[in-house]
Amino acid sequence: MELAGLLSYFVFFASFACIYAIMALGLNIQWGMTGQINIGVAGFYAVGAYTSAILTTPPTPEHLGGFALPVIVGLIGAVIVSGLLAVLIGMITVNLRSDYLAIATIGLAEIIRFLIKNEEQVTHGVRGIAEIPRPLVESGPLAGPVFLVVALICVAIAYFLVERARVSPWGRVLRAIRDNEDATKAAGKNVVSFRLQAFVVGSALMGFAGGLYAHFFGFISPEAFQPVFGTFIVWAMLIVGGSGNNKGALLGTVLVWLVWSGTEIFTRLLPADMATQASAARVLMIGVLLQIVLLTRRQGVLPEERPKPIPRGDS
Amino acid sequence: MIVVENVSKAFGGLKAVHDCSLEVADGSITGLIGPNGAGKSTLFGIIAGFIRPDSGRILLDGRDITGVKPHRLFHLGLIRTFQIPHEFSRMTVRENLMLVPAAQKGESLVTSWLRWGAVWQQEVEIADKADEVLDFLQLAHLADELAGRLSGGQKKLLDIGRAMMTDAKVVLLDEPGAGVNRTLLAQIVETIRRLNRERGYTFCLIEHDMDMIAELCDPVICMAQGTVLAKGTMEEIRANEAVREAYLGHTEPA
Amino acid sequence: MIGDIIQLLIYGIVTGSILALGAIGVSLVFSILRFAHFAHGDLMTVGAYAALVIVAGLGMPIIVAAPFAVLVVAVVAIAIELSIYRPLRESSPIVLLISSFGMALILRSAVQLIWGTGNQVYASGIQLPIRVGGIAIKPDHLWIIAGTLGLIAALHVFLQYTKFGKAMRAMADNVDLARISGIPTSRVIMIAWIIAGGLAAMAGIFLAMDTRLHPVMGWQLLLPVFAAAIVGGIGRPYGAMAGGLLIGVAMEMSTMVINPAYKQAVAFALMVATLIVRPTGIFRGSSL
Amino acid sequence: MSLLAASNIYGGYGGVDILNGVSLRVEPGEIVTIVGPNGAGKSTFIKALAGLVTIRLGDVRFEGRDITNIPPEQAPRIGISYVPQERNVFTSMTVMENLEMGAFLRSDDYSGQLERIFTLFPRLRERRSQPVWQMSGGERQMVAMGRALMLEPKLLILDEPTAGLSPLFMDQVFEQVKEINALGIGILMVEQNAKQALAVSDRGYVLAMGRNRFEDRADQMLQNKEIAEMFLGG
Amino acid sequence: ESLKIGALMPMTGDLQAYGEADVTGVQFAVKQINAAGGVNGEEVEIVIADTQTKPQAGVDAAQKLINVDGVHAIVGALSSGVTIPVAKTVTSREGVPQISNASTSPTITKLQDNDFLFRSVPSDAYQGVELAKLVQEKGFSNVSILYVNNDYGQGLADAFAEAFEGEVSASIAFEQGQASYRGELQQAAGGGAEALVLIGYPESGSVILRQSLEGGYLDKFIFTDGMKAPEIIERVGAQFLNGAFGTVPQAKDTEGLRVFREAYTAEYGDLPPKPYYDTAYDAAMVIALAAQKAGSSDPEAIRDNLRDVANAPGETILPGEWQKAVKLLADGQDINYEGASGSVDFDKNGDVPGTIGHWEIQDGKIVDVRVLN
Ligand SMILES: Nc1ncnc2c1ncn2[C@@H]1O[C@H](COP(=O)(O)OP(=O)(O)OP(=O)(O)O)[C@@H](O)[C@H]1O
Ligand SMILES: Nc1ncnc2c1ncn2[C@@H]1O[C@H](COP(=O)(O)OP(=O)(O)OP(=O)(O)O)[C@@H](O)[C@H]1O
Ligand SMILES: [Mg+2]
Ligand SMILES: [Mg+2]
């Protein structure tokens, strides 16, 4: 690989990391702060991606829309639609016990994937949606770096929103719910509403990340939203980094993504006729590395940070 | 203040509360005693909106609150504690208290995002108040400790502290004395009395410690098998043969 | 038409039996160790391939291969328990859940590395169906159903008439208290893994007999297995069986009215509906 | 030889020590009560005896045998039964199953002991097939006691056995403690109903801040004004 | 800069059975070229990337081929379902020529690809029609179709159904990689069909065949090119498949084919019983010729010269005649590549004309019966 190749690989890597970072932040609101186990991350990710794709691609008879709207409109749409979906799903599931919520959400995410696969008039089924525009610069050597800058800005905004939410009294109520739901009710908080808010804000961020992904990759199909890429890896990022800690979420994203991509570089070095073994070996390696991290750093690299005590005038 | 009218609640075939009617007068400290399993905690659950009664109704200041959600009741000034302490174990003791006040600006996400200054100012006020309460309960040295690390009795105190963080009208205390060191209990008793006198809180408390009941409560209501067995001053209750039979036992010095 | 329905019912019972065997294990692990074991489907896969070694490698019949596969999966499960899950037990259940998800990846890719990514079968060629009226019954299907019934009956005896059965539930409830009551918790956990792993191996073998071997075969079945466990009520073997049958039959029957591609969605939909209407499962699981 | 002898115990939950040198003994046939302020480390000490909290320094002997940091599941085998302060019942199981679990280690016929427990707590007989999560606080406490008694131990450790019990049952529990003790079983209990507890005890200890603060014969202790004021509620 | 060709092939997934043979096709071409002096005097390099037979992975692989490995042209992908998104999102945007050696979907003809997508295999618009004729010839009047749910399957199924004069009692899409296809088979068998037209790939295809036979649904099978692989016979059993038949894009017995076969067997021994290694070879050849003609490895220049070197008029260049081509081009002469799979004449859509062959399973072997037309 030449220098130019390495550089563009880095841009590719970093852009993807940004997308995952936004998902990890969204998940941190749900799991790290509220204790909701959402294993349906991929579902919201997919819905965001498809929404933005349908809104921004050129008109076509093959699937719904092709409304050729600007990318920014697509992304806003992604946030709104995934948020609305979260309201819907949240209303029926937020009161489930956390482990049941886990299984319910992964089930719902899979249903979403089935719908995307089979409702061809809307999503073009397994054929996917191609020709999704990139923000600002469509192609050529500048497209990658420009996207990266956009993505970094998005991460910064998402980080600000989530971190502020965490240290605010809103975040405190969420942590209380995580600890003891009945007592939170007894303290006059509308638990259902807070949970729903957390679920929706987190899911909307995932939807936003999905939109970014669509515009980054240019093509989406149901495969991109399989549990491994859409959900598992995000969880791994959050847990490795340290759940409940937003810096941890970012750090975890970079670490896990480094490993994931690192193993890819490794497999690219292998001869091509070993491709079958190589891709399996890669997944194996990721699994093993994850176990090692979990075993050696239970709390994640950065443990949950308590909001700083309030500084007061006298004491 | 609180009127319970013919409330019943059955779990399966078991009538935990059965056609129970009672009143908690404004400004009183009403004691609720009765054998284990008499339905006291269940009745608290019903009053505080955690359990839906099968029949009957609950009035708060003349207003029907049957089936109203706990968090709404909280805003109507009705607060409960739990028999088994319900602390927020992974939050600090101070945070446990700071959580409680209602209408915190920062509980709205949008306000937190856009008007941080106002949120912060209010935080400082609430923190000050929490520290006052902690001083009062002699828990100040544990303010930054995780609540999960408190001992059983300290958790009880914290529960009471949460009730002190608001302008409650009625506080339902489920066995505030159980497992609390007797010397500390004397303080709790004092606290309850002061809150009652100085701030006009109305209390209704379940307790098995007759000394505490005798010292604090008037009137005392004794429940058995889901319904009211007797009501009166502690002396009257002690003199009641049925109560002695069902609850106090004959060894209890009269 | 009636023929079609009966035919689908048979397929449903076969699928349901396989789901039930998986669901019992999931449910056992869930109630004792308190986490959703996402590697369970891949344990099934390992079981199926372990049997393949004997069947294809030594030319033995499945009935000989099955005990070997049960042993292999039990050993694999215990090895995972000792090396990964036990050290992680003090962390939150979600860490275990994610770890088991990682374990699923490890098992799956190991299978791919060893046996390749393609489809395989125990016996190439076709097993022609027995025809009864208009209904085609594959002999393997009878084996699957009979085998499942036998295994579940045996498990029932174990849980009902041995101390360990109850000890498992006690542990599921309160580990510390179980320990101070003298219950040897690590041994109980081992037994649970042996049962869950063994049943998973059988489920994998049955699945392979019914369809084919493929590295993702178990993973694809995992969510219906969870669905069966939840619909049946976590912590009840008979519930898991009933849940499995219900989900299996519903999945196969649904193909009469909706696009077969939505078969899995039917399982999830049933599960979500159950969770909402009766969170403890239709057969009243424990509500810990 | 003491039934139980703990000397100079240090230990805690991983961070700082909660126990800073606690010593205590129970002679055969004795009832010993520990009192002390909330958070003194009483429960922690008991847990350390039962193997649920790691002892960093010091040693525990049971009938002369070193049982420091014994695995918790071993304790009942050598004759120690323990009722924790919190989470002391199997909530998802029925009353009967809780009692059966208490007898997990027994392979003999324990129906006599079961009968004795039902006589002590008639409510348990009534509710034998009710799941415990449906029971009131006091009823649970009875189940917890019942479970521990199933084993007929040599030493019974009770962490606040009467918390939440009605006066009637509280008296009965203390009665029963005496009766159990009369069979030669040593009893170590932590109590906040200190006066009643000491009234049935042979000796008492006061624990404060993880240290021995005071120890004496129980009747002496009840008469000690200073101690009564500071720890027994005047 | 030396020419780099990306081979975008399914090394895993449903079309895994074809990946290796097709990579060999590309490698064989490059081997011959490098042995004869290379393109513009430099050795040609191949970078292989795995599509996993999945569009998402395919697009990812293509993006990396271009942006990271810096290839100048791409051969592949196989399945139309992968080729189309790759062309739409990657090659047409980045301006890199892509020649698919196996994607037969009719959709590709009309694709908006800025003229960067070509193929060295004929469109299924022909195969569907020829298959319909063949089925009628064999005397079937009622069939049902199961097709893999992608552009390939749908394109062929539509073309077939339109041309078939008998009854198509059901036409059902199926997903790759499922464990059970009984629901689909039940529907397919429902309408009194005599045979099943199975348009798919060997991996899921053999599962469908087994389940159809074991469930007693249908036992006569008709295939297309995607199922022309000996693996299916191995898995299902020869006795059940004897007599099954199908179509495949197949070259007429031309001079180019003869020369290629000779050279190939000399190098590798046997000819693989699978399609598309020859079209892969041709794709690599024309890319190299175009680069030679352009005198550079610039992707756009290669694209601009593709038709010049592949189409008439010009001196005929057969497989293996690299030195001859280099010489003619150096002399400024026009050349016309006539390849292993046919004349390889790209029309304005980047399509090539072609002929369809009839194959059958006889005595457990795949036999090429004849070239239809
Ligand atoms: N969720 C439930 N399901 C079934 N039965 C219940 C449930 N909750 C309580 N009960 C039963 O209702 C009766 C009353 O219980 P409750 O907790 O109100 O008693 P209590 O008066 O507070 O007793 P204590 O003084 O022991 O706390 C008990 O017999 C208990 O077993
Ligand atoms: N699980 C735990 N993890 C960390 N610290 C703990 C834990 N449990 C108790 N502690 C700490 O140990 C100290 C002693 O607690 P312990 O429960 O032993 O007190 P106690 O004397 O039994 O009080 P009480 O009478 O209120 O039950 C407490 O101050 C608490 O901070
Ligand atoms: Mg109660
Ligand atoms: Mg204690």
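**Ligand sites and selected elements of a predicted model**

User: How far is the polar side-chain atom of Thr44(D) from an oxygen atom of ligand 2?

Analyst: In this predicted model, a polar side-chain atom of Thr44(D) sits 2.5 Å from an oxygen atom of ligand 2. Gln192(D) also places a polar side-chain atom 3.1 Å from an oxygen atom of the ligand. For Ala40(D), a polar backbone atom is the partner, and it lies 3.1 Å from an oxygen atom of ligand 2.

User: How much of ligand 2 does the protein cover?

Analyst: On its own, ligand 2 has 640 Å² of accessible area, and the protein covers 84% of that.

User: Which elements give two or more residues to that shell?

Analyst: They are α6 (152–164) of chain B and α1 (42–50) of chain D.

User: And which residues come nearest to ligand 2?

Analyst: There are 18 residues around the ligand, and the nearest are Arg149(B), Asn38(D), Gly39(D), Ser43(D) and Thr44(D). The site is shared between chains, because the surrounding residues come from chains B and D.

User: What is the make-up of that shell in nonpolar, polar and charged residues?

Analyst: The shell around ligand 2 contains 4 nonpolar, 11 polar and 3 charged residues.

User: Turning to ligand 1, which residues come nearest there?

Analyst: Lys40(B), Ser41(B), Thr42(B), Gln134(D) and Gly138(D) come nearest, out of 22 residues around ligand 1. Chains B and D both supply residues around ligand 1, so this site too is shared between chains.

User: What are the distances from Ser41(B), Thr42(B) and Gln130(D) to oxygen atoms of ligand 1?

Analyst: A polar side-chain atom of Ser41(B) is 2.7 Å from an oxygen atom of the ligand. For Thr42(B), the corresponding side-chain distance is 2.5 Å, and for Gln130(D) it is 3.4 Å.

User: How much of ligand 1 is covered, and which elements give two or more residues to its shell?

Analyst: The protein covers 91% of the 640 Å² of accessible area that ligand 1 has on its own. The contributing elements are β2 (14–24) and α1 (40–47) of chain B, together with α6 (137–149) of chain D. By residue class, the shell around ligand 1 holds 6 nonpolar, 12 polar and 4 charged residues.

User: Moving on to the sheet in chain B, what is its strand order?

Analyst: The order is β6-β7-β8-β3-β9-β10, an open sheet of 6 strands with mixed pairing. At the edges stand β6 (78–80) and β10 (227–232) of chain B; each has a single partner strand, so one side of each has no neighbour in the sheet. On average, neighbouring strands are turned by 20° against each other, direction ignored.

User: How many bridges join β9(B) and β10(B)?

Analyst: Strand β9 (residues 220–224) of chain B pairs with β10(B) in the antiparallel sense over 5 bridges. Within these strands, Met223(B) stands opposite Val228(B) of β10(B).

User: What about Ala228(D): buried or exposed?

Analyst: Ala228(D) belongs to helix α10 (residues 225–231) of chain D. It counts as buried because its relative accessibility is 11%, under the 20% limit. Its C-alpha lies 9.3 Å from that of Ala194(D), although the two residues are 34 apart in sequence.

User: Finally, which residues of helix α7 in chain E are buried?

Analyst: In α7(E), residues 182–190, the buried ones are Arg182(E), Gly183(E), Glu184(E), Leu185(E), Gln186(E) and Ala188(E). Following this helix is Gly192(E), with a positive phi near 75°.

Terms used: Residues are numbered from 1 along each chain as its sequence is written. Chains are lettered from A and ligands numbered from 1 in the order in which they are written. This is a predicted model: local features need pLDDT of at least 70, side-chain atom pairs count only at pLDDT 80 or more; totals for chains, interfaces and linings use all residues. Side-chain values use heavy atoms; hydrogens and water are left out. A residue is near a molecule or strand if one of its heavy atoms lies within 4 Å of it. A polar contact is a pair of N or O atoms within 3.5 Å; within protein, one must be able to donate a hydrogen and the other to accept it, and residues adjacent in sequence count only if both atoms are side-chain atoms. Accessible areas come from the Shrake-Rupley method with a 1.4 Å probe; for residues, only the protein chains shown count as cover. Helices (H or I, at least four residues) and strands (E, at least two) are DSSP runs, numbered from the N terminus. Ala, Val, Leu, Ile, Met, Phe, Trp, Tyr, Cys and Pro count as nonpolar, Asp, Glu, Lys and Arg as charged, and the others, Gly among them, as polar. Buried means under 20% relative accessible area, exposed over 50%, partly exposed in between (1.4 Å probe, protein chains only). Two strands pair if DSSP finds at least two bridges between them. Axes are lines fitted to C-alpha atoms, for helices over the stretch in contact, and angles run from 0 to 180 degrees between N-to-C directions.
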